[in-house]
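Visitor: Before we go through this model, I would like to hear how each label attached to it is earned. Could you take me through the reasoning, step by step?

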Amino acid sequence: MAHGTLLEQPGGLGPRRGVRATLRRYALLPLRVFLGITSTYAGLDKLTDSAFLSASGPGSLGELLDNVRPTAGAPFLIDLAQHSPTAFGYALAIGELLVGLATLLGLWARVAATGGALISLVLWLTVSWSATPYYYGNDLPYLMAWLPLILAGAEHFSADNALRLRRRRGLDMGLGVGD
């Protein structure tokens with residue numbers, strides 16, 4: 001009586017068909033690629049900029065921290081970074097690089113997206129807090145852009161999915177499923 005099984009129905013357990021379903025399935029992929037490339041680039045940019053990684057001087061993280069301290073939403077974060085601006089600069093740059101690469105690969109996607117969101121949150125509370133109106137600052141939109149990836153992960157074209165399928169095949173063979 002029914003046209004197809006539960007597995008073939010929209011909202012069922014199986015694969016969806018049609019252009020709209022395909023677009024829905026891959027909707028987060030452009031966001032993941034954009035955030036991955038941007039975060040990777042930001043990390044590499046910082047790591048290759050000797051002025052940024054200096055404790056003081058023009059273009060240094062130390063100078064930036066001094067300039068944003070009076071208007072920061074969370075000045076205690078500035079105080080923490082000012083104990084060792086160079087170490088903090090390296091930590092920030094390496095964090096952005098790792099988050100970006102993991103996001104592009106879809107490896108530990110939710111963990112990577114959480115790292116990206118935390119970096120964006122810290123930058124919003126410190127560097128771009130004083131942007132008026134608030135939407136002129138870019139760190140808050142980045143924070144919001146990471147949230148869908150935290151919620152959904154990276155289901156398609158991802159190392160996470162490849163590892164999941166590999167584990168599933170191993171479990172299927174170990175349990176004798178299909179004998």
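Guide: Gladly, and please keep in mind that this is a predicted model. A good place to begin is Lys46, whose charged end sits over the ring of Phe52, 5.8 Å from the ring centre.

Visitor: What makes the charged end of Lys46 count as sitting over the ring of Phe52?

Guide: The charge has to be within 6 Å of the ring centre and within 35 degrees of the ring normal. For Lys46 and Phe52 the distance is 5.8 Å, and the pair is listed as a charge over a ring.

Visitor: Where else does Lys46 appear?

Guide: The largest pocket has a volume of about 520 Å³. Of the 29 residues that line this pocket, the closest to its centre are Ala42, Lys46, Glu96, Leu123 and Asp139. The lining divides into 18 nonpolar, 7 polar and 4 charged residues.

Visitor: Which helix gives the largest share of that lining?

Guide: Helix α2 does, with 7 residues, while α2, α3, α4, α5, α6 and α7 each supply at least two.

Visitor: How many aromatic pairs are there, by the rule for ring centres?

Guide: The count comes to 5 aromatic pairs. One of them joins Phe34 and Tyr142, with ring centres 6.1 Å apart and planes at 10 degrees.

Visitor: Why is the pair of Phe34 and Tyr142 called stacked?

Guide: Rings pair if their centres lie within 6.5 Å, and planes under 30 degrees apart count as stacked. The centres of Phe34 and Tyr142 are 6.1 Å apart and their planes stand at 10 degrees, so the pair meets both conditions and is stacked.

Visitor: What does the pair tie together?

Guide: Phe34 lies in helix α2 (residues 29-47) and Tyr142 in helix α7 (residues 139-152), so the pair ties together parts that are 108 residues apart in sequence. Elsewhere, ring pairs link Tyr134, Tyr135 and Tyr136 into a cluster.

Visitor: Why does Tyr142 count as partly exposed?

Guide: Buried means under 20% relative accessible area and exposed means over 50%, with partly exposed in between. Tyr142, at 23%, falls between those cut-offs and therefore counts as partly exposed. Phe34, with 44%, is also partly exposed by this reasoning.

Visitor: What does the chain look like as a whole?

Guide: The secondary structure comes to 8 helices and 0 strands, and of the 179 residues 31% count as buried. Among contacts between residues at least 6 apart in sequence, 66% join residues at least 24 apart.

Conventions:
Residues are numbered from 1 along each chain as its sequence is written. This is a predicted model: local features need pLDDT of at least 70, side-chain atom pairs count only at pLDDT 80 or more; totals for chains, interfaces and linings use all residues. Side-chain values use heavy atoms; hydrogens and water are left out. Rings of Phe, Tyr and Trp (its six-membered ring) pair if their centres lie within 6.5 Å; planes under 30 degrees apart count as stacked, over 60 as edge-to-face and the rest as tilted. Helices (H or I, at least four residues) and strands (E, at least two) are DSSP runs, numbered from the N terminus. Buried means under 20% relative accessible area, exposed over 50%, partly exposed in between (1.4 Å probe, protein chains only). On a 1 Å grid over the protein atoms alone, a cavity is a set of points where a 1.4 Å probe fits but cannot get out, and a pocket is an open set with protein on both sides within 12 Å along at least five of seven lines; lining residues have an atom within 4 Å of a point. Grid points are joined across faces, edges and corners, and a volume is the space filled by probe spheres set on the points. Ala, Val, Leu, Ile, Met, Phe, Trp, Tyr, Cys and Pro count as nonpolar, Asp, Glu, Lys and Arg as charged, and the others, Gly among them, as polar. Contact means heavy atoms within 4.5 Å.
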